Amino acid sequence: MADPEIRIDQLTGTRVLIASGRALRPDQFSRSSRQPNGAKGCPFCEGQEGQTPPEIDADRPGDSAPDGPGWQTRTVPNLYPAVVPEPEGGCAGDDTAGAFASSADPLLASARSTEPDMFASRPGYGAHEVVVNSPKHAASLGELDQAEMALAVAAWRRRMKAHDDSAYVQLILNQGSDSGASIEHSHAQIGAMQFVPAAVARERERFNSYRERTAGASLLGEVLREEIRRGDRLVAIDDEVALICPWASRFPFEMRIIPRRPQPSFENGDGGATMLGRAVAALTDLFGEPPQLNLWVKTAPRGAEHFHWHLDLIPRLEPASAFEMATGVNINITSPESAAESLRESIA
Ligand SMILES: [Zn+2]
């Protein structure tokens, strides 16, 4: 099995991680059925710890021994990592050239030498972990009660903090077989990377330029203040965070959790767990079943002071089309205003 590689598209400059560890044959790509698998044979259920690599972290309130039952959340290395730990003594850092460039980029290389290598790549170093959100076989975050959700979110933060020497730490969660989840049992994934992905770098630059233009204001802080004032895309608000359907939502029923006091990084911030539970429950109520969804947190890259974390939640209602894939411009058939109106009626 080949180690993951970072390649840069010569035309767009966009990074791709080639991680062929999973190496599916073409016939194995057929879409999985939406029938629930249940707990039978599930490697993430309590009592099945031997089916995963040894744990890196766990909540064990009764001081039970590692890799056995008695935990509330449990973190293990991803068996099919998109990035792998750097060998001892290696020289870290793909990103000496910055967020939008890399030494594997032929455009950059052509400035230095007469013959750029069009097919240079870099090893995909970092860490890729799985945080199992609950010992019980919950197929949806909506099955966790408030205390369980708080424990899960605390574990996400703890594992992100453990990688604060990385250029960027990405937290994601896929729920449902149409969302990219290969295991039904609710789990999040942490990707600690040696580069800042372009989408995150772009947000960082927009936060910085808004701050410069306004003598210190936070871009998302100002957006949130205005969303609360207008109210038509506001779904719910509590003491910690607000839940909105973003103005330029790319997908129907897209939601965003924003801390009310600007906090650069999710992992060093607080709040959001209760609202996340309410948001998933509202989708379940609205669609009559637990939603297939993708969720991610955008947090401050290492060294970025002026950022404002947010958690984005996208129910998977329809697959992406060629237009979106070709242009990066989404066509959203449900306005965020009408999505917010429906969600306000469903949210408890
Ligand atoms: Zn399970």
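Tyr-168 sits across from Met-193 of strand E8 in this predicted model. The two strands involved, E7 and E8, run antiparallel and are held together by five bridges. They belong to a bigger arrangement: an open, antiparallel sheet of ten strands, ordered E3-E4-E6-E8-E7-E12-E13-E11-E10-E9. At the edges stand E3 and strand E9 (234-237), each with a single partner strand, so one side of each has no neighbour in the sheet.

There is also an open sheet of three strands, again with antiparallel pairing, in the order E2-E1-E5. Here strand E2 (15-18) and strand E5 (121-123) are the edge strands, each pairing on one side only. Going from one strand to the next, the twist averages 30 degrees. Strand E1 (residues 5-8) runs antiparallel to E2 and is joined to it by four bridges; within that pairing, Ile-6 has Leu-17 as its bridge partner.

Helix H2 comes next. With 16 residues (146-161) at 1.5 Å a residue, H2 should span 22 Å, and its end C-alpha atoms turn out to be 23 Å apart, which agrees. Its buried residues are Glu-148, Met-149, Ala-152, Val-153, Ala-155, Trp-156, Arg-157, Arg-159 and Met-160. As a rule, an α-helix has 3.6 residues a turn, so residues three or four places apart point the same way. The cover over the buried residues of H2 includes strands E3 (57-58), E4 (74-77), E6 (126-132), E7 (168-175) and E8 (187-193), along with helix H5 (273-287).

As for domains, the assignment splits the chain into domain 1 (5-18 + 40-193) and domain 2 (198-346). Taken over C-alpha atoms, their centres are 22 Å apart. Where the two meet, 29 residues of domain 1 are in contact with 24 residues of domain 2. H2 and E7 each supply at least two residues of the domain 1 side, and E7 provides the largest share of that side, with eight residues. Sorted by class, the side of domain 1 that touches domain 2 has 15 nonpolar, ten polar and four charged residues.

Finally, Glu-341 is found in helix H7 (residues 336-346). This residue counts as partly exposed because it has 14 C-beta neighbours inside 10 Å, whereas a buried residue would need 20 or more. Glu-341 and Asp-232 are 109 residues apart in sequence, yet their C-alpha atoms are 7.4 Å apart in space.

Notes. Residues numbered from 1 in each chain as written. Predicted model: local features only at pLDDT ≥ 70, side-chain atom pairs only at ≥ 80, totals over all residues. Expected span 1.5 Å × (residues − 1). Buried ≥ 20, exposed ≤ 12 C-beta atoms within 10 Å, placed from the backbone. Contact = placed C-beta atoms within 7 Å. Pairing = 2+ DSSP bridges. Axes fitted to C-alpha atoms, helices over the stretch in contact; angles between N-to-C directions. Domains from an automatic or database assignment. Nonpolar A, V, L, I, M, F, W, Y, C, P; charged D, E, K, R; others polar.
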